Amino acid sequence: MKLVTAVVKPFKLDDVKQALHDLGVAGMTVAEVHGHGRQRGHSEVYRGAEYVVDFVPKVRLEVVVDDATVTTVVDAIVDAARTGQIGDGKVWVTAVEELVRIRTGERGPDAL
Amino acid sequence: MHVDAGDTAWVLGSAALVLFMTPGLALFYGGMVRSKNVLAMMVQNLGAIAVVSVVWALLAYTLAFGPDAGGFIGGLRFAGLGHPAAALPGMNLHVPPLAFAAFQMMFAVITCALLTGAGADRMRFGPFLVFAAVWTVVVYAPVAHWVFSPHGWLFRRGVLDFAGGNVVEVDSGASALALALVLGRRRGWPREVMAPHSLPLTVIGAGILWFGWFGFNAGSALGANALAAKALVDTQLAACTGLLGWLVMERLRTGHATTLGAASGAVAGLVAITPACGFVDPWAALVIGALGGVTGVLAVALKNRLRYDDSLDVVGVHGACGAVGTVSIGVLASQGAGVHLLGVQALAVLATAAWAFGLTWLLATLIHRTVGLRASAEAEVEGLDTAIHAESAYDFGNVRAGRLG
């Protein structure tokens, strides 16, 4: 099993969610986060004082998937989240040692 | 004394309008601070309403409008709002003296509340209330007497201040500068981002201030008459050109017309027309409002250059625009404009600013050195809302600690 983590532009969340649903991915966890990569921040002006805001709003999405489907899932996220502009975000994959469905106690891929 | 029902109704209603300005100010300022300090800002404004109203009734009203002692301060005849049926010295009112006392009470409240903007994010609550009580007696009441009482020394010299450009705006602006200097800069200012946490609150607050200002300015006619109508029209026009003036200036300087600029510009225009609204024609109100908007942008820029942390620009918006409005009467008054009036107006601004700055500096220093006026470094970093008041403004249902006990 693999944990797929994606940091994407907030307005792309619906597209990514739809793409994952289309693949039959059963669930996911999202969080509103702030960060920057090469995009850096943006500037804001309040009564003439200019502030550079380093961390811009992003959405972090996490989903645990089967080893067999991980490449399809990553590709789907990348396709759905891409605008081609700087600041599109990143996707990374980590290994998952164990997974338990709390309600039933099922373990491993059965708990997906 | 003839009491007119219409006049009385308008003055009583205006008193309520002016009171509403202080909760409006709480929103205006509350939106501009960081989210960890919004409640501290608001409760300081509520506290100012309570403390200043009581002090006004007990002592400050009589010092401002009681029988005169040499043009400098009123006597104690009206202490505790005593002798409520007695006529006010030198004034020919068509409203009950208590209606006038209530109307003026709200002026004292908002003037003191304005100072909270200079101490944003770092001033302690209890010591501020002590400050507010003493400040109303030693700073506000004498200046109100000089300018508003017919026996005051500036009034007798012919100063024109229709609704408090001097008594409210210059007074609060100069006091705010002293308070900001005694408190010192906020930790991290100007290096760290201290952007407003909710401009929608600020916009609502500006709207309430604008609304209340009709009571403030047109109510100062002390009658339901043509003078009140003129003051109201002048007030509206100046607010609008103030708003536009600020936006044009900041668009030229920074490339953006901002929401905070619109809200600030309206207030700057209102401040500038406050002393003038009964004395100038509508075309002059358009000019004075625009002057206010432009002055506000430049005065705020000066703060950023000189690096004094008048956090929410009480000096720039109230002090500077109030001074410009007061002095402009010398040129733009529909009657009596000229070099002599210009000199009197400038004298009033200088005398008020010197008195307010000097005594506020002494008072704030005294409180700062004894009980302490500034919050601890720990409280400032944590935020005054939780550190001082044990509350937080926004709970979005996030994971939080369970209830104690």
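These legends describe three close-up views of a predicted model.

**View 1. Helix α12 of chain B, end to end.** Helix α12 of chain B runs from residue 339 to residue 369. That makes 31 residues. From the first C-alpha to the last, the helix reaches 44 Å. The span expected at 1.5 Å a residue is 45 Å, so the two values are close. Many positions can be picked out along α12(B). Among the buried ones are B:L341, B:Q345, B:A348 and B:V349. B:F357, B:L363 and B:I367 are buried too. What covers the buried residues of α12(B)? The cover includes α4 (125–148), α5 (153–156), α6 (165–183) and α11 (314–332) of chain B.

**View 2. B:G330 and its surroundings.** B:G330 lies in helix α11 of chain B. Is B:G330 buried or partly exposed? It has 19 C-beta neighbours inside 10 Å, and a buried residue needs 20 or more, so B:G330 counts as partly exposed. Beyond its neighbours within four places in sequence, B:G330 is in contact with B:A337, B:L341, B:L342 and B:Q345. Two of these contacts, B:L341 and B:Q345, are buried residues of α12(B). B:H340 is 10 residues from B:G330 in sequence. In space, their C-alpha atoms are 7.9 Å apart.

**View 3. Where chain A touches chain B.** Here 9 residues of chain A are in contact with 15 residues of chain B. On the chain A side, the elements that give two or more residues are β3 (42–46) and β4 (49–53). β4(A) gives the most, with 4 residues. The chain A side divides into 5 nonpolar, 1 polar and 3 charged residues.

Terms used. Residues are numbered from 1 along each chain as its sequence is written. Chains are lettered from A and ligands numbered from 1 in the order in which they are written. This is a predicted model: local features need pLDDT of at least 70, side-chain atom pairs count only at pLDDT 80 or more; totals for chains, interfaces and linings use all residues. A residue is buried if 20 or more other C-beta atoms lie within 10 Å of its own, exposed if 12 or fewer, and partly exposed in between; C-beta atoms are placed from the backbone. Two residues are in contact if their C-beta atoms, placed from the backbone, lie within 7 Å. Ala, Val, Leu, Ile, Met, Phe, Trp, Tyr, Cys and Pro count as nonpolar, Asp, Glu, Lys and Arg as charged, and the others, Gly among them, as polar.
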